[in-house]
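Take a look at the structure below. This report walks through some of its ring pairs and one helix packing.

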Amino acid sequence: MRIRDKFNEKTVFSFEVFPPKKTDSIDIVYKTLDELKGLSPDFISVTFSAGGSGNGALSCEIASKIKEGNNVEPMVHLPCINYSKDEISDVLEEFKNRGIENVLALRGDINPDIEPKRHFEHASDLITFIKSKGDFDIAGACYPEGHMDSANLVEDVINLKKKVDAGADHLITQLFFDNDAFYRFREKTAIAGINVPIEAGIMPVVNKKQIERMVSMCGASLPAKFSKMMQKYENNPEALRDAGIAYAINQIVDLLANDVDGIHLYTMNNSYVARKISDAVSGIIGSKK
Ligand code: FAD
């Protein structure tokens, strides 16, 4: 089933996983997947390396594993900046052969150590290309606090409209900790005429290192109540994990009350955290919008 159809039925609830590092066994990810599938998400997405390191083939393999038994839809992320048109064509063929219908079309981060191939400048170019190759369900990324390459949020939303006009069926946000930033963003997208579903990307923060790395990478702002929590429990890993889970649940409940189209949980391959959050919100998320 294509994911776009699910938004007509309910508030979508999805998970994100990533392939193991070269030194780790894929079996660990498969075990996590079995646990995540038991939580009955609407889909599970798999990240894909923008090139240089990592292995796109592994992402396809993991997506096939998600599809096994046909009870959960996989979505594969596809960053294009370091790949040629022929390489992307081959990946799309591989998706078709494996019955993978859902793609998150991405530009990918510019890596200073890799000369980009630039067959695709932006995700919108990739979306046009994917549409010429078959009837895929296409998602795009969006940024409630603006993408780092954009001068400001208005410019970013104008560019986001180009992505939707190219054919993105729905959008998933970068992680954020301040729901008000998401609501302000959603208003701007409505004014810009963006009318596809927007899933809110929520990352439960369960250790201090993780938050420092993520925030430096994506620039999400930290509300005072979040920073206070981090400071109070930074030397108590279990308390910090539980506080991070509680914070994510609070964010999700507020988003649901404000008619969010979907919740995309950045699970960081941690099924314990995903289960705690899923248990807490499944009754609310399952109810009709
Ligand atoms: P674009 O949409 O191309 O946007 C990049 C910049 O260009 C923005 O400033 C935008 O305003 C501008 N822009 C966009 N379109 C146009 C246009 N037509 N004309 C002019 N300017 C334009 N990276 C990975 O490598 N692998 C992953 O698996 C991965 N998964 C992700 C999942 C999610 C949910 C998100 C939010 C991000 C993910 N990323 C991943 C990171 C992503 O690749 C980076 O954020 C990247 O820097 C931008 O990708 P994009 O698709 O948003 O790019």
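## A buried stacked pair

This is a predicted model. Start with Phe 182. Its relative accessibility is 0%, so Phe 182 counts as buried. The cut-off for buried is under 20%. Phe 176 also has a relative accessibility of 0%, and therefore counts as buried.

A search of the whole structure gives 7 aromatic pairs. One of them joins Phe 176 and Phe 182. Their rings are stacked, with 5° between the planes. The centres are 5.2 Å apart. Tyr 183 joins in too: Phe 176, Phe 182 and Tyr 183 make up one aromatic cluster.

## An edge-to-face pair

Phe 120 and Phe 129 are both buried. They form an aromatic pair as well. How are the rings of Phe 120 and Phe 129 arranged, stacked or edge-to-face? They are edge-to-face, with 70° between the planes. From centre to centre the distance is 5.3 Å.

## Two helices that cross

Phe 129 also takes part in a helix contact. Helix 4 covers residues 85-97, and helix 5 covers residues 123-133. Their axes lie 11 Å apart, and the packing angle is about 50°. That angle is why helix 4 counts as oblique to helix 5. The crossing of helix 4 past helix 5 is right-handed.

Which residues make the contact? Helix 4 supplies Lys 85, Ile 88, Ser 89, Leu 92 and Lys 96. Helix 5 supplies Leu 126, Phe 129, Ile 130 and Lys 133.

## A charge over a ring

Finally, turn to Tyr 30. Lys 65 lies over the face of Tyr 30. The distance to the ring centre is 4.8 Å.

Notes. Residues are numbered from 1 along each chain as its sequence is written. This is a predicted model: local features need pLDDT of at least 70, side-chain atom pairs count only at pLDDT 80 or more; totals for chains, interfaces and linings use all residues. Side-chain values use heavy atoms; hydrogens and water are left out. Rings of Phe, Tyr and Trp (its six-membered ring) pair if their centres lie within 6.5 Å; planes under 30 degrees apart count as stacked, over 60 as edge-to-face and the rest as tilted. Buried means under 20% relative accessible area, exposed over 50%, partly exposed in between (1.4 Å probe, protein chains only). A charge sits over a ring if NZ of Lys or CZ of Arg is within 6 Å of the ring centre and within 35 degrees of the ring normal. Axes are lines fitted to C-alpha atoms, for helices over the stretch in contact, and angles run from 0 to 180 degrees between N-to-C directions. Helices (H or I, at least four residues) and strands (E, at least two) are DSSP runs, numbered from the N terminus. Angles under 35 degrees count as roughly parallel, over 145 as roughly antiparallel, 65 to 115 as roughly perpendicular and the rest as oblique. A crossing is left-handed if the near helix is turned anticlockwise from the far one by less than a right angle, and right-handed if clockwise. Contact means heavy atoms within 4.5 Å.
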